[in-house]
Amino acid sequence: MGQAYSIWTPVVIGRLKSPHRIKEEKSYDIEKSYQSVEDVKVKARNYTVLPQGQLIEVQIRLDILCLLEDFLGTMHLISKEEIVKEKIALTDFDTYIDRYEEIKYVVNNIDLTSHCELNGKNIKVAYFIDLIVIATSEQMIKLSTANEVEPINDSLQDVLTRLRQEVQQVEEEKAELRRKIFFYERDISSLKKGLKKAENKNSNLNKELKQYYYIVEQLKIGIKEKEMRLNRYENVYYNRDYTEHFAPLAEDDNETQKLGSRIKKMFMANN
């Protein structure tokens, strides 16, 4: 008869009957007004589960990233951190969970979606988290060597079958986690490309703005020169008008003097 071995391993004893949804909306005041929301990402950094009698409290640490565009086309990244706390009843599990038993809970995030709204100097971020909580317990499993001649009893065979199923399930969950990590890294890469594009756009806008200021200065100089020339033309016009207005008066005085001299001569001749 071969030698039997015993090991301690986590065994799944229950899970939520259906995915649990968390819905929250957060409002943040920002320093200045922006034109639009370019993108928003909400990522779960880690999960913690705390037993609380007939309830468990799921704590999720979130990173909230909002990419905003101002009225000059410049992109700004606003980051916030939140801790979500959600209570779930033990009766929501598919099997009975003993509150006094030492249980380790594992959270599997199924989906996380988010939405951001901009209103002046305030942004509102709404997010929805769908998750599954798995309850596990450390149990001792007896294993036998391959050359053991004694038949395996039904209860041990059931345990081994369940263990293989749980291992397969864990592998599937790990594969799903790797897939989500891939998408997360891809989103970060896309966000970096967006920031790089925004920086290039800002650089071009700064060049255009400098050129605009240069053109405005040139126009100011041109307008000032035209005003100076116009003032000179106005001075010449008013001087000419003054001469034309008073010149005929001078000629009338000469004619009057000539007429008086002739009258005087006539009186002297008659005498």
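## Disulfides

This predicted model contains zero disulfides, going by a search of the whole structure. A disulfide is a covalent bond between the sulfur atoms of two cysteines. Two cysteines deserve a look here: Cys 66 and Cys 116.

Why is there no bond from Cys 66 to Cys 116? The closest cysteine sulfur to that of Cys 66 belongs to Cys 116, and the two are 3.9 Å apart, too far for a bond. A disulfide needs the sulfur atoms within 2.5 Å. Seen from the other side, Cys 116 is in no disulfide either, and its nearest cysteine sulfur is that of Cys 66.

Are these cysteines buried or exposed? Cys 66 is buried, at 2% relative accessibility. Cys 116 is buried too, at 10%.

## Overall build

The chain has one helix and seven strands. Their order along the sequence is β-β-β-β-β-β-β-α. The strands come first and the helix follows.

The chain has 271 residues, and 24% of them are buried. Its exposed area is about 20,000 Å². Carbon and sulfur atoms supply 53% of that area.

Contacts can also be sorted by distance along the sequence. Take those with a separation of 6 or more: 74% of them join residues 24 or more positions apart.

## Around Asn 122

Asn 122 lies in strand β7, which covers residues 122–144. Asn 122 is buried, with a relative accessible area of 15%. That value is under the 20% limit, so the residue counts as buried.

Which side chains make polar contacts with the side chain of Asn 122? One is Ser 27, at 2.8 Å. Another is Asp 29, at 3.0 Å.

The wider surroundings include both of these residues. With neighbours within four places in sequence left aside, Asn 122 is in contact with Ser 27, Tyr 28, Asp 29, Ile 30 and Glu 117.

## A nonpolar patch

Where does the surface carry a nonpolar patch? Tyr 214, Ile 215, Leu 219 and Ile 223 make one of about 420 Å².

Ile 223 is found in helix α1, which spans residues 154–270. How open is this residue to its surroundings? Ile 223 is partly exposed, with a relative accessible area of 47%. Patch residues need over 30% relative accessible area, so Ile 223 passes that cut-off. By contrast, Asn 122 in strand β7 is buried.

Key: Residues are numbered from 1 along each chain as its sequence is written. This is a predicted model: local features need pLDDT of at least 70, side-chain atom pairs count only at pLDDT 80 or more; totals for chains, interfaces and linings use all residues. Side-chain values use heavy atoms; hydrogens and water are left out. Patches are made of residues with over 30% relative accessible area and no salt bridge: like charges are joined within 9 Å, nonpolar side chains (Val, Leu, Ile, Met, Phe, Trp, Tyr) within 5 Å. Accessible areas come from the Shrake-Rupley method with a 1.4 Å probe; for residues, only the protein chains shown count as cover. A salt bridge is a side-chain nitrogen of Lys or Arg within 4 Å of a carboxyl oxygen of Asp or Glu. Helices (H or I, at least four residues) and strands (E, at least two) are DSSP runs, numbered from the N terminus. Buried means under 20% relative accessible area, exposed over 50%, partly exposed in between (1.4 Å probe, protein chains only). A polar contact is a pair of N or O atoms within 3.5 Å; within protein, one must be able to donate a hydrogen and the other to accept it, and residues adjacent in sequence count only if both atoms are side-chain atoms. Contact means heavy atoms within 4.5 Å.
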